[in-house]
Amino acid sequence: MHKMQFLGISLSIIFYFFLSAVLCTEEDDDMLPRIGIIGAGIGGTSSAYFLRQLFGEKATIDIFEAEKVGGRTAVIKINGLNYEAGGSVIHTKNKYMVKFAEKFNKSALTHSDSFLGLYDNKGIVFETSKWAPIALAKLIWRYGFDLYTIREWTKNLVASKFDRIYEFQDKGMAFTTVDDMLRAMSEDFLNMTQHSLRDVLREVGVSQRFVDELAMAAMRANYGQTVDVHGFVGAVSLLGAEPGLWSVVNGNKEISEDLLKESKASFIEAKVLSVALMKDERGTGNIAYEVEYEETHPDKKDKTNSKEYDIVIVAAPLEGSKSKISFVDFTNPLPSISQKYHTTIAMFVQGCINKTTFNVNSQGDFPPDMLTVSPDVFFNSVGLLSSVNPEKQPDVAPEADQAVWKTFLNKVPSEEQISILFESRQDLRFVEWLAYPEYSPNMKLPPFQLYDRLYYINAVESAASAMEMSVIGSRNVALLAFNQWFNHFDKIDEIHLPVPASKTEKDNSEL
């Protein structure tokens, strides 16, 4: 009898704790947000990845994309081979991109560093050499101590200042504005956005020749602009001109594709039309948004639908994009986003360089990277391309002296201008990108937070546009959303790193 009573009590206790566990689990699940992400480029897919890590496997995460996953990382097929059409290079010091490549077992394609030329309207003003020692000697002869000065300057930026953002994010800290993020990294960075690259470099101590030639060439090739941009984006551009650049075999877009898979987010092929504020009790947690979208999948094309979310993240440009998102029924106005985007034309030619224009005897004498040093030149750069599929053969063997070239321009060239660059061609393609903002000193830096639980990853592009910068912006937004959802206000907008945590305290350092 007593044994039976004891067994009954034991079963009651077990049942009680089981029921409590279930109820607690359900309560925890109810506390998890429904998250909608607009845009599946590197920013959108990496934010989905970070959000999944933060909120766990049971959080609802949807990601909307009207076109292809990868955004401004894309490939173009020419003669059966794929070539990078958008974001093309990764730096060895890009912590997130390097870790993603390692995590997803991506092989690297290295980029040649030595042989380049500089061109203005009068012709080639300087070129290095195919042989690295000769190339270095020619650079030293022309620019002297400037090379050491700029190397030490950029090295200091990365080692002691830029890398601080990784420390902040590994400790779970986030910022509501780009200004505060830059200030946390270094007050110097915020100050650099208020001055032109030209003035910043002269203050660093390099010569006018370096500014007018190498710095100008880097800005025109990387951003289609001049040394009149603000100094921070110019510094990022110069970092991108350093040796050791690489890309991912089969295309950098594969990083975005793998991030999307890893995040286990629901992918919705759709163009987002509007974000409407449905419920607004600020400070209470009762915020809800309705995202209206139009399906772009062939089986559901043009079908309009809507979904409700607690958190909405915009991972696409709000200004200058081809499709506008309407923000409706907001009780208070959103911040003004005046972030004009620069149009870049990428022209792909399978053909022969015009040897007369560039005064070379053969295509082999033409530098694989020809950069321009004057805004009066109608093109920004011409570069020899290698396929992202090195093991694959072209559909048709190219004719002698023919290769695939990518030319960056600020507008579509005329037939005459194309002929100036290429004496013959078998294929011609154009890709138009709204690739990065128009940069200027003292430009307004948009906030990461547009409204309560409404975030804007692309605000980071006002500081600098690059794949790594997009990922930094996406992790910041993911941490910001997480901290605000769970009221971790001590980890928001603190521009000083906290005292090192104890051994028992776990930080947020795993990617």
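This is a short talk on helix packing, aromatic pairs and salt bridges in one predicted model.

Let me start with helix α3. It covers residues 95-103. Its first partner in this talk is helix α15, residues 467-485. The two axes lie 8 Å apart. The angle between them is about 90°. That makes α3 roughly perpendicular to α15, because angles of 65 to 115 degrees fall in that class.

Who makes the contact? On the α3 side we have Lys95, Tyr96, Met97 and Phe100. On the α15 side we have Met467, Glu468, Val471, Ile472 and Arg475. By class, that contact holds six nonpolar residues and three charged ones. There are no polar residues in it.

Now turn to α3 and helix α12. Helix α12 runs over residues 253-263. Here the axes are 10 Å apart, and the angle is about 70°. So α3 and α12 are also roughly perpendicular to each other.

From α3, the contact takes Met97, Phe100, Ala101 and Lys103. From α12, it takes Ile255, Leu259 and Glu262. Five residues of this contact are nonpolar and two are charged. Again, none is polar. Note Met97 and Phe100. They appear in the contact with α15, and they appear in the contact with α12.

Phe100 leads us to the aromatics. Which residues join it in a cluster? The cluster is made of Tyr49, Phe50, Tyr96, Phe100, Phe162 and Tyr166. Tyr96 should sound familiar, as it also sits in the α3 contact with α15.

Across the whole structure, the search finds 27 aromatic pairs. I will show two. A pair of rings is described by the distance of the centres and the angle of the planes.

Take Phe145 and Tyr148. Their ring centres are 5.2 Å apart. Their planes meet at 40°, so this pair is tilted. Buried or exposed, where does Phe145 fall? Phe145 is exposed, at 60% relative accessible area. Tyr148 is partly exposed, at 45%.

The second pair is Phe327 with Phe330. This one is edge-to-face. The centres are 6.3 Å apart, with 65° between the planes. Phe327 is partly exposed, with a relative accessible area of 24%. Phe330 has 17%. That counts as buried, because the cut-off is under 20%.

Next, the charges. How many salt bridges does the structure hold? The count is 20. Here are three of them, and then a network.

First up, Asp170 and Lys95. The side chains meet at 3.0 Å, N to O. Asp170 lies in helix α6, residues 164-170, and Lys95 lies in α3, so the bridge ties together parts 75 residues apart in sequence. Asp170 is buried, at 15% relative accessible area. And Lys95 is one of the α3 residues that touch α15.

Next, Lys161 and Asp188. Their salt bridge is 2.6 Å, N to O. Lys161 belongs to helix α5, residues 146-162. Asp188 belongs to helix α8, residues 187-192. So this pair links parts that are 27 residues apart in sequence. Asp188 is partly exposed, with a relative accessible area of 39%.

Then Arg183 and Asp180. This bridge is 2.6 Å, N to O. Here both partners sit in one helix, α7, residues 178-185. They are three residues apart, about one turn of the helix. Arg183 is partly exposed, at 27%. Asp180 counts as buried, at 18% relative accessibility.

Now the network. Arg34, Glu308 and Asp310 are joined by salt bridges that share partners.

Asp310 brings me to Lys279. Where does Lys279 sit? It is in strand β9, residues 266-281. It is partly exposed, at 38% relative accessible area. The C-alpha atoms of Lys279 and Asp310 are separated by 9.7 Å. Along the chain, the two are 31 residues apart. Leaving aside residues up to four places away in sequence, Lys279 touches Asn286, Ile287 and Ala288.

To close, back to α3. It packs roughly perpendicular to α15. It does likewise with α12. Its Lys95 bridges to Asp170 in α6. And its Tyr96 and Phe100 are in the aromatic cluster. That is my tour.

Methods: Residues are numbered from 1 along each chain as its sequence is written. This is a predicted model: local features need pLDDT of at least 70, side-chain atom pairs count only at pLDDT 80 or more; totals for chains, interfaces and linings use all residues. Side-chain values use heavy atoms; hydrogens and water are left out. Axes are lines fitted to C-alpha atoms, for helices over the stretch in contact, and angles run from 0 to 180 degrees between N-to-C directions. Helices (H or I, at least four residues) and strands (E, at least two) are DSSP runs, numbered from the N terminus. Angles under 35 degrees count as roughly parallel, over 145 as roughly antiparallel, 65 to 115 as roughly perpendicular and the rest as oblique. Contact means heavy atoms within 4.5 Å. Ala, Val, Leu, Ile, Met, Phe, Trp, Tyr, Cys and Pro count as nonpolar, Asp, Glu, Lys and Arg as charged, and the others, Gly among them, as polar. Rings of Phe, Tyr and Trp (its six-membered ring) pair if their centres lie within 6.5 Å; planes under 30 degrees apart count as stacked, over 60 as edge-to-face and the rest as tilted. Buried means under 20% relative accessible area, exposed over 50%, partly exposed in between (1.4 Å probe, protein chains only). A salt bridge is a side-chain nitrogen of Lys or Arg within 4 Å of a carboxyl oxygen of Asp or Glu.
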